[in-house]
Amino acid sequence: MRLPILTLAAIATLLVAADASAQTYDPRYPVCMHVYTPGGFGGGGGDYFDCSFTSLPQCRATASGRSASCDVNPYYRFDQPPQQPRRRHKKQH
């Protein structure tokens, strides 16, 4: 009984400690805020990106007073036309 519990605990620890760098930037928005989180006793700090801003002034207003900086999203395509919502065609009988 102890072995399955220890195995599950080891798997849970690995999943919690997994790196989330694959989801760094959201390509739908042109500006990202890089937020720095402090490390407590023994580390544990880190940082993350919040790519939900449409302009640098909007991002800077949100980052004001925080440990954060705003940058242009390197994965945003500025030459793309604005996305139009998809139209759904009604089925005709």
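Which residues make up the largest nonpolar core? The legends below take that up, then move on to other views of this predicted model.

**View 1. The largest nonpolar core is built from seven residues.** Here you're looking at V31, M33, V35, F53, C59, A63 and C70. Strand β1 (31-37) and helix α2 each chip in at least two residues of this core. The top contributor is β1, with three.

**View 2. A63, one of the core residues, with its contacts.** Setting aside neighbours within four places in sequence, A63 is in contact with M33, A68 and C70. Of these partners, M33 and C70 also belong to the largest nonpolar core.

**View 3. N73 sits in the segment after β3 (68-72).** This residue is buried, with a relative accessible area of just 1%. Its side chain has backbone partners to work with: the side chain of N73 reaches the backbone oxygen of D26 at 2.7 Å, and it also reaches the backbone nitrogen of Y75 at 3.0 Å. Not counting residues up to four places away in sequence, N73 touches Y25, D26, P27, Y29, P30, V31, C32, C51 and F78. One of those, V31, is part of the largest nonpolar core.

**View 4. Confidence along the protein chain, from helix α1 to helix α2.** Mean pLDDT for the chain is 77, and 57% of its residues reach 70 or more. Helix α2 (residues 56-63) has the highest confidence, at 97, while helix α1 (residues 2-16) has the lowest, at a mean of 58. Over residues 14-21 the pLDDT drops below 50, and this stretch has zero contacts in the model beyond near neighbours in sequence.

Technical notes:
Residues numbered from 1 in each chain as written. Predicted model: local features only at pLDDT ≥ 70, side-chain atom pairs only at ≥ 80, totals over all residues. Heavy atoms only, no water. Helix = DSSP H or I, 4+ residues; strand = E, 2+ residues; numbered from the N terminus. Buried < 20%, exposed > 50% of the residue type's maximum accessible area, 1.4 Å probe, protein only. Polar contact = N/O pair within 3.5 Å; in protein donor to acceptor, adjacent residues only side chain to side chain. Contact = heavy atoms within 4.5 Å. pLDDT = per-residue confidence, 0-100. Core = buried A, V, L, I, M, F, W, Y, C linked by side-chain atoms within 4.5 Å.
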